[in-house]
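Biologist: Hey, got a minute to walk me through this one? I'd like to start with a single residue and work outwards.

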Number of protein chains: 2
Amino acid sequence: MVVVSSDLFAIIEDDLALVEEELRRIVENASGLVPVVYRHTLDAGGKRIRPALVLLTAKALGCSNSRLPRLAAATEMVHLASLIHDDVVDGADRRRGRAAANAAWGTRVSVLVGDSLVARIYAELSRYGELETLTALSTAVERMCKAELRHMQVQMVGETLSEAGYYDVVRGKTGSLMAACCEIGARVAEATSMEREALICYGLGVGTTFQITDDLLDMVGDPEKLGKPVGNDLVTGKFALPIIYALHESKNGVRELLTELLQSGEISPSVLRDIVAVVDDLGGVDYTRNAAARFADEARTHLDVLPDSPCKDTLNALPDYVLQRVA
Amino acid sequence: MVVVSSDLFAIIEDDLALVEEELRRIVENASGLVPVVYRHTLDAGGKRIRPALVLLTAKALGCSNSRLPRLAAATEMVHLASLIHDDVVDGADRRRGRAAANAAWGTRVSVLVGDSLVARIYAELSRYGELETLTALSTAVERMCKAELRHMQVQMVGETLSEAGYYDVVRGKTGSLMAACCEIGARVAEATSMEREALICYGLGVGTTFQITDDLLDMVGDPEKLGKPVGNDLVTGKFALPIIYALHESKNGVRELLTELLQSGEISPSVLRDIVAVVDDLGGVDYTRNAAARFADEARTHLDVLPDSPCKDTLNALPDYVLQRVA
């Protein structure tokens with residue numbers, strides 16, 4: 001069991017261990033390929049940020065309801081199922097240092113296992129009468145798909161997102177599920193609607209920060225540390241903020257050079273180096289870091305609704321933890 | 001709007017029109033590719049058997065709750081989403097006389113649109129507090145995926161299902177959703193648990209009959225009438241009852257011939273003709289027709305719990321309608 005639980009979440013270590021038990025229990029009774037593919041994805045680890053958001057928001061509001069680990073696990077299951085489908089969508093070969101499920105078992109298996117996991121979570125939640133969590137999660141999934149499709153559609157017609165359009169996409173892709181996690185925590189804790197709205201905004205901001213840095217890492221990250229190759233978004237033509245900014249800032253000659261590099265099809269390590277050099281030169285990397293930091297700052301402001309507590313401190317530290325990946 | 005509503009469902013024509021309105025309303029507010037792909041699939045028609053099962057079972061029990069069209073539409077949405085994903089899984093090019101969604105927009109779009117539709121149905125149902133329908137549908141989807149994966153896994157390791165194993169697969173693949181439709185109708189009508197169980201068995205039987213005949217049509221059907229090419233299951237190696245029976249019945253020389261034909265990879269029209277001839281000669285086609293008829297008969301026996309009514313008559317006629325496709 002390779003769970004990359006950072007010290008950041010030390011304060012909810014015991015609860016996260018319960019979540020881990022839930023995650024494994026959920027597929028225990030499944031047969032065939034479902035538990036195999038699922039465990040492959042689960043064992044690859046991950047930071048369990050989504051369950052942590054459920055736990056931290058609820059506990060920061062003084063709630064330690066016994067339903068929390070189950071609901072927190074459901075958010076991670078939805079996330080894992082979305083990763084399995086994302087890898088089909090992106091044709092990715094690697095994920096967290098291992099073969100991606102679609103590379104290991106093929107598209108067909110990945111599509112069905114993803115569907116099956118989501119169905120199992122919804123079946124469990126509905127059996128337990130968890131209507132609010134069902135609404136929050138399914139609404140988030142719909143937004144995630146919409147954002148993915150939007151990014152893909154722009155790329156299919158050979159266009160580039162505007163900066164505002166890009167923020168919409170990252171907000172939908174990653175912000176909506178993290179916002180749902182905070183909403184779930186707030187609802188279990190019977191938060192006031194003001195507290196709930198603030199925590200939803202916080203989750204949205206953390207998710208947006210996370211996706212912006214994730215997209216930047218796809219350009220400037222270390223493949224060894226990431227456990228997957230970089231430059232994948234460049235190959236699929238799903239341009240992120242560094243490129244969007246650089247294309248916007250570039251003048252004649254440089255713009256043509258950059259466009260030409262981006263259309264190389266196969267992005268070799270040397271082409272990637274060239275692209276990063278041009279983009280960095282135009283200020284795209286710094287601009288992206290600053291944008292992420294702005295979303296992180298904004299996210300933190302919403303925590304003012306919470307009383308002081310160690311859980312609030314952890315929520316406060318989370319955006320910096322996310323930013324630090326691209327420091 | 002090309003809805004192939006058969007005369008069979010004349011008695012619930014008005015209700016099915018409301019279901020159709022629901023189906024269109026559900027994606028009205030969606031943007032981007034979701035409504036486009038969805039309408040493409042919706043406009044291809046279909047018999048709307050699943051919504052009809054919800055309506056007929058409820059009405060046969062004297063219920064005409066205003067929630068019925070919404071719940072009936074949800075079952076068809078789940079079905080349509082599963083068709084979109086199935087076509088990715090099978091790599092199908094045609095569906096109901098039109099390009100399959102994955103052939104028209106690619107795997108990536110199909111995966112996301114399918115996910116998005118399911119999420120939207122669950123979000124709607126949970127907002128309306130329809131817990132029982134959520135449980136029934138998500139449990140059915142899990143069983144459908146499990147059955148698909150089982151069939152696929154057997155084929156991946158180069159094995160052939162036993163006859164009993166095949167029935168398990170078709171029961172899961174198609175029976176479980178039709179059973180869920182009957183369960184939903186029974187629950188809305190506040191049926192007794194005996195009535196509910198009987199109707200679930202009926203739905204399971206109708207679905208099993210349907211899938212057995214559907215698989216047979218993939219061998220002996222008319223591509224023009226089906227709106228898709230035949231022989232697809234043979235190409236993907238997902239063998240159905242005619243082949244399973246024929247392989248079991250065949251002796252030395254014929255078995256080798258049949259095995260060789262099945263492994264031709266590309267199944268050309270002439271190879272398909274040869275396969276059908278051998279299988280028919282061994283009694284595989286008749287055996288399959290008879291098996292389907294047995295499931296149809298068995299399904300009908302469960303309707304004894306219902307009082308006499310025109311809706312009961314329609315439920316009684318449905319298995320024959322299904323069988324008649326391969327008469």
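Modeller: Sure. This is a predicted model. Take A:Gly175: setting aside the neighbours within four places in sequence, its contacts are A:Val170, A:Leu204, A:Gly207 and A:Thr208.

Biologist: Which helix is A:Gly175 in?

Modeller: A:Gly175 is part of helix H8 of chain A.

Biologist: And is A:Gly175 buried or exposed?

Modeller: Buried, because 30 other C-beta atoms lie within 10 Å of A:Gly175, and the cut-off for buried is 20 or more.

Biologist: How far is A:Met144 from A:Gly175 in space?

Modeller: C-alpha to C-alpha it's 8.6 Å, with their positions 31 residues apart in sequence.

Biologist: Staying with H8(A), at what angle does H4(A) pack against it?

Modeller: About 170°, and the two axes are 11 Å apart. That makes H4(A) roughly antiparallel to H8(A), since anything over 145 degrees counts that way.

Biologist: Which residues make that contact?

Modeller: H4(A) brings A:Leu68, A:Leu71, A:Thr75, A:Val78 and A:His79. From H8(A) you get A:Leu177, A:Cys181, A:Ile184 and A:Val188. By type, that contact has seven nonpolar residues, two polar and no charged.

Biologist: OK, new topic. How does chain B relate to chain A?

Modeller: Turn chain B by 180° with a shift of 0.0 Å along the axis, and it lies on chain A with an RMSD of 0.0 Å. So the relation is that of a two-fold axis.

Biologist: How many residues does each chain put into the contact?

Modeller: Chain A gives 34 residues and chain B gives 34 residues.

Biologist: Which elements give two or more residues on the chain B side?

Modeller: Helices H2 (33–43), H4 (68–90), H6 (107–127) and H7 (131–156) of chain B. The largest share there is from H7(B), with 14 residues.

Biologist: What's the split into nonpolar, polar and charged on that side?

Modeller: On the side of chain B that touches chain A, 16 are nonpolar, ten polar and eight charged.

Biologist: Why do you say the copies meet through the same surface?

Modeller: Because 100% of the interface residues of chain B are also interface residues in chain A.

Biologist: What about the largest nonpolar core, how many residues has it?

Modeller: It has 221 residues, and those with the most contacts inside it are A:Met77, A:Val113, B:Met77 and B:Val113.

Biologist: What is B:Val113 in contact with, leaving aside neighbours within four places in sequence?

Modeller: B:Leu33, B:Val34, B:Val37, B:Tyr38, B:Ile84 and B:Ala101.

Biologist: Any backbone oddities I should look at?

Modeller: Try A:Arg48, whose phi is near 55°, a positive value in a residue other than glycine. Most residues other than glycine have a negative phi.

Biologist: Where is A:Arg48 found?

Modeller: In the loop between helix H2 (33–43) and helix H3 (49–60) of chain A. A:Arg48 counts as buried because 24 other C-beta atoms are within 10 Å.

Biologist: And what is phi for B:Arg48?

Modeller: Positive, about 55°, although B:Arg48 is not a glycine. B:Arg48 sits in the loop between H2 and H3 (49–60) of chain B, and it's buried with 24 other C-beta atoms within 10 Å.

Biologist: Last one: where does A:Ala246 lie, and what does it contact beyond its neighbours within four places in sequence?

Modeller: A:Ala246 lies in helix H12 (residues 241–249) of chain A. With those neighbours left aside, A:Ala246 is in contact with A:Leu258, A:Val278, A:Val279, A:Leu282 and A:Gly284. A:Ala246 is buried too, with 26 other C-beta atoms within 10 Å.

Note on methods
Residues numbered from 1 in each chain as written. Chains lettered and ligands numbered in written order. Predicted model: local features only at pLDDT ≥ 70, side-chain atom pairs only at ≥ 80, totals over all residues. Contact = placed C-beta atoms within 7 Å. Helix = DSSP H or I, 4+ residues; strand = E, 2+ residues; numbered from the N terminus. Nonpolar A, V, L, I, M, F, W, Y, C, P; charged D, E, K, R; others polar. Buried ≥ 20, exposed ≤ 12 C-beta atoms within 10 Å, placed from the backbone. Least-squares fit on C-alpha atoms with pLDDT ≥ 70 in both. Axes fitted to C-alpha atoms, helices over the stretch in contact; angles between N-to-C directions. Parallel < 35°, antiparallel > 145°, perpendicular 65-115°, else oblique. Core = buried A, V, L, I, M, F, W, Y, C linked by C-beta atoms within 7 Å.
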